Amino acid sequence: MTDFVFRAPPRIISEIDGLERLGQLAQELGIKRPLLVCDQGIVACGIAGRASRVLAAAGLKAATFDAVLADPPVEMVRKAVEAARAAEADGVIGLGGGSSLDTAKVVALLAHSTQTIEEIYGVDMATGGRLPLIQVPTTAGTGSEVTWVSVITNENGEKKAVYTPQLLPDIALLDAGLTVGMPPKVSAATALDAMVHAIEAYTSRTRKNPVADALARKALELLSRNLPLVLENGQDLQARSAVLEGAMLGGMAFVNASVAAIHGLAYPLGARFHVPHGHSNALVMGPVLRFNLRAATAAYAELARCVLPGRSFTSAAEAAEAFVSRMEEMAGYGGLETRLSQLGVSEADIPGMAEEVVTQIQRLIATNPCDMNQEDVTAIYRSIL
């Protein structure tokens, strides 16, 4: 048995209208001057205002940083840290999708620190503690609310990860009502992101462990059974809750077991073409799963039971093939484009993307069930061009 360490937040709350408890929860953490970290979309849809009113009703003096951008650029994160210092914030509340939650983690870590962002890139490079932190996701996909990783985009457009236990929040607050406004395309992309988290955690070559395995299986079960219900009726709060909880479980699974080549191949699509992260994963998911079949047949056969309940198979190979086919089918859910050319990628772009994967994101290839070289990556991109 492989030794492992499993980390998770001390408190996870899943509750419809749970946002109404935000002030109480902040008080329990001793927060008096919280900084809300969100983007303009969260402001426009009224969620940020609602959170601010709840905090004010609890007697808390909240400030807001609402300039979060997708794939958080390092300069934007610096401004968020400066905003926390200017407001003399004694706690941070992340509100939104993965970019807002990732930004909030770094703000909580650096607001009272002498370290720079560049000094905390990597694994366990952060020193000292952080401000109290509450994470409130408004999308059901990244699992960022329960992970100790933040991904920042540096000045050269490269993804830089911060891995440190201090990034785990004190409270992850899941309120499925906040996800009701997501359009079908976003609902599908984020849920597929979470499914990829579960799949890659379950098949990790380097950090697979039994706790993450159990969470990954449950995540896939919840996501695969309830995403179609969400797409059929976006007001279905029971299905929305199940998908949000599945994303949370997938987040805990992958951060304790790692993601792999699907994420590796997805990163250049986000950095170069601004394809949303979940959609990027959905695009490359099918061909990477097929590439891995020869090494992951047994694991994929086990996961087939999660996404194809009630089906019987005559062999592990048949079950694994059915699993991959089902995931390929789901990749187009919600009207997601399934070809790179539909998103502005050309044949001329592929060599550079493939080189980036094998030179800059090798850590994710190392956890993949199969070894993968530049020619393999190039062939996978071309197969979905």
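Here are some short exercises on this predicted model, each with a worked solution.

The model is predicted, so to speak: local features need pLDDT of at least 70, side-chain atom pairs count only at pLDDT 80 or more, and totals for chains, interfaces and linings use all residues. Residues are numbered from 1 along each chain as its sequence is written, and side-chain values use heavy atoms, with hydrogens and water left out.

**Exercise 1. The whole chain**

Work out how many helices and strands the protein chain has, and how its radius of gyration compares with the globule rule.

Step 1: Start with the elements. The chain has 15 helices and 9 strands; helices (H or I, at least four residues) and strands (E, at least two) are DSSP runs, numbered from the N terminus.

Step 2: Now the radius of gyration, which is taken over C-alpha atoms, while the globule rule is 2.2 Å times the number of residues to the power 0.38. The chain comes out at 20 Å, close to the 21 Å that the rule gives for 385 residues, so it is as compact as a globular protein of that length.

Step 3: Add the extents. Along its principal axes, the C-alpha trace spans about 60 × 45 × 45 Å.

Step 4: Look at burial, where buried means under 20% relative accessible area, exposed over 50%, and partly exposed in between (1.4 Å probe, protein chains only). Buried residues make up 56% of the 385 residues.

**Exercise 2. A glycine in a helix**

Find out where Gly-246 sits and which residues it is in contact with, leaving aside its neighbours within four places in sequence.

Step 1: Locate the residue. Gly-246 belongs to helix H9 (residues 237–257).

Step 2: Check its accessibility. Gly-246 counts as buried because its relative accessibility is 0%.

Step 3: List the contacts (heavy atoms within 4.5 Å). Apart from those sequence neighbours, Gly-246 touches Ala-219, Leu-222 and Leu-223.

Step 4: Try one C-alpha to C-alpha distance. Met-195 is 51 residues from Gly-246 in sequence, and the two are 8.3 Å apart in space.

**Exercise 3. Strand E2 and its partners**

Decide which strands pair with E2, and whether its faces are covered or not.

Step 1: Take the faces. On strand E2 (residues 34–37), Pro-34 and Leu-36 lie on one side and Leu-35 and Val-37 on the other; all are buried, so to say both faces are covered.

Step 2: Find the partners, remembering that two strands pair if DSSP finds at least two bridges between them. E2 runs parallel to strand E4 (residues 91–96), with 4 bridges joining them. Strand E3 (residues 63–65) also pairs with E2 in the parallel sense, over 3 bridges.

Step 3: Match up residues. Leu-35 stands opposite Val-92 in E4, and Leu-36 stands opposite Thr-64 in E3.

**Exercise 4. Opposite charges**

Count the salt bridges, then look at the pairs Lys-218 with Glu-221 and Glu-328 with Arg-290.

Step 1: Apply the rule: a side-chain nitrogen of Lys or Arg within 4 Å of a carboxyl oxygen of Asp or Glu. The count comes to 20 salt bridges.

Step 2: Take Lys-218 and Glu-221, whose closest N and O atoms are 3.0 Å apart. They are 3 residues apart in helix H8 (residues 210–232), which means about one helical turn separates them.

Step 3: Move on to Glu-328 and Arg-290, whose side chains meet in a salt bridge at 2.7 Å, N to O. Glu-328 lies in helix H12 (residues 316–330) and Arg-290 in helix H11 (residues 277–307), so this pair ties together parts 38 residues apart in sequence.

Step 4: Check exposure. Glu-328 is partly exposed at 32% relative accessibility, and Arg-290 is partly exposed at 33%.

**Exercise 5. Rings**

Describe the aromatic pair and say which charged residue sits over the ring of Tyr-202.

Step 1: Use the pairing rule: rings of Phe, Tyr and Trp (its six-membered ring) pair if their centres lie within 6.5 Å; planes under 30 degrees apart count as stacked, over 60 as edge-to-face and the rest as tilted. The structure holds 1 aromatic pair.

Step 2: Classify the pair. Tyr-300 and Phe-323 have ring centres 5.3 Å apart and planes at 40 degrees, so the pair is tilted.

Step 3: Turn to charges over rings (NZ of Lys or CZ of Arg within 6 Å of the ring centre and within 35 degrees of the ring normal). The charged end of Lys-208 sits over the ring of Tyr-202, 3.7 Å from its centre.
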